[in-house]
Amino acid sequence: MTKTATPKTTPTPQKWYKNYMITVFVIGLPAFVVVACVFFVIFAVKHKDATVRDDWYMDSKALYQDASKDQMAHDLGISGILRFSGDDVVFELNHKDGTAPTYPTTLSVSISHATDKSKDRDLTLAHSKDNIYTGKVTLDPLPSKYYLHINSDDGWRLTQTQKLPAQNVPFSPLSAFDEANLTLPDQRHKRHLENTNTQ
């Protein structure tokens with residue numbers, strides 16, 4: 001008795017869109033990259049980097065920072081403490097001789113957030129009595145890094161970097177001006193000797 005061979009059936013090929021490899025790697029990943037790029041482009045346009053608020057001026061195409069106000073505060077020996085109590089702000093102005101020659105009528109305070117311009121705050125402190133200035137400001141409750149500047153109409157300025165909210169923020173003159181009068185030794189003769197030795 002002879003056996004008849006059964007013909008082999010050719011399997012029907014799977015449709016390409018039902019193959020998960022094509023769906024994930026050929027279509028899915030490129031589509032995800034395109035959507036992500038569009039999202040980040042829109043995000044970058046809407047959330048531009050805020051300009052740092054400070055005393056800058058432009059000479060031709062060069063930018064320079066004006067530190068004359070900071071140097072005046074250093075030369076006068078002016079310091080102080082800014083105290084926050086809710087929305088109330090009190091600034092205690094101190095002078096190296098114990099008492100300032102004259103107290104400005106008002107002080108301008110700028111509180112600049114490190115990254116978010118919408119959280120910047122400006123306020124004016126009014127002279128209350130003696131060396132005390134008072135004012136009001138509402139800060140963002142989330143702890144963040146801020147740049148604080150206290151400006152006087154007399155021409156001096158105090159600066160500080162502080163994480164806010166905080167109860168007390170001390171201000172002191174910039175120590176960089178302590179070395180302003182120091183001169184470096186003349187090294188020209190050593191450079192001349194080095195140049196002659198290398199020739």
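Strand 8 (144–152) and strand 9 (157–164) run antiparallel and are joined by 8 bridges. In this predicted model, Tyr-146 stands opposite Gln-162 in strand 9. The hairpin formed by the two strands has 4 residues between them, and Gly-155 takes a positive phi near 105 degrees there. Helix 2, residues 68–76, lies across strand 8 and strand 9 and runs at about 100 degrees to strand 9.

**The sheet**

Both strands belong to an open sheet of 8 strands, whose order is 9-8-5-6-7-4-3-10 and whose pairing is antiparallel. Strand 9 and strand 10 are the edge strands, each pairing on one side only. On average, neighbouring strands of the sheet are turned by 25 degrees against each other, direction ignored. Strands of a sheet pair through backbone hydrogen bonds, either parallel or antiparallel. The table lists four of the pairings with their bridge counts.

| Strand pair | Sense | Bridges |
|---|---|---|
| Strand 8 and strand 9 | antiparallel | 8 bridges |
| Strand 3 and strand 4 | antiparallel | 7 bridges |
| Strand 4 and strand 7 | antiparallel | 5 bridges |
| Strand 3 and strand 10 | antiparallel | 4 bridges |

**Strand 3 and its partners**

Strand 3 (residues 79–85) has a covered face made of Gly-80, Leu-82 and Phe-84, whereas Ser-79, Ile-81, Arg-83 and Ser-85 make up the uncovered one. In a regular strand the side chains alternate between the two faces of the sheet. Ile-81, on the uncovered face, has a bridge partner in each neighbouring strand: it stands opposite Glu-92 in strand 4, and its partner in strand 10 is Pro-170.

Strand 3 and strand 4 also form a hairpin, with 2 residues between them; in the turn, Gly-86 has a positive phi of about 70 degrees. Strand 4 (residues 88–94) pairs in addition with strand 7, residues 132–136, where the bridge partner of Asp-88 is Lys-136.

**The nonpolar core**

In soluble globular proteins, nonpolar side chains tend to be buried together. The largest nonpolar core here has 22 residues, of which Leu-82, Phe-84, Phe-91 and Leu-125 touch the most other members. Two or more residues of this core come from each of strand 3, strand 4, strand 5, strand 6, strand 8, strand 9 and strand 10. Leu-82 and Phe-84 lie on the covered face of strand 3. Leaving aside residues up to four places away in sequence, the contacts of Leu-82 include Val-89, Val-90, Phe-91, Leu-125, Leu-148, Val-169 and Phe-171, together with Gln-167 and Asn-168.

**Lys-119**

Is Lys-119 buried or exposed? Its relative accessibility is 16%, so Lys-119 counts as buried, the cut-off being under 20%. Lys-119 is found in the loop between strand 5 (106–113) and strand 6 (121–129). Beyond residues up to four places away in sequence, Lys-119 touches Ile-111, His-113, Asp-140, Leu-142 and Tyr-146.

**Aromatic pairs**

The structure holds 3 aromatic pairs. In one of them, the ring centres of Phe-39 and Phe-40 are 5.3 Å apart and the planes stand at 70 degrees, so this pair is edge-to-face. Ring pairs link Phe-39, Phe-40 and Phe-43 into a cluster. Phe-40 is exposed, with a relative accessible area of 54%.

**Confidence**

The chain averages a pLDDT of 80, and 72% of the residues score at least 70. Over residues 183–188 the pLDDT is below 50, and this stretch has 0 contacts in the model beyond near neighbours in sequence.

Key. Residues numbered from 1 in each chain as written. Heavy atoms only, no water. Buried < 20%, exposed > 50% of the residue type's maximum accessible area, 1.4 Å probe, protein only. Contact = heavy atoms within 4.5 Å. Pairing = 2+ DSSP bridges. Phe/Tyr/Trp six-rings, centres within 6.5 Å; stacked < 30°, edge-to-face > 60°. Core = buried A, V, L, I, M, F, W, Y, C linked by side-chain atoms within 4.5 Å. pLDDT = per-residue confidence, 0-100. Axes fitted to C-alpha atoms, helices over the stretch in contact; angles between N-to-C directions.
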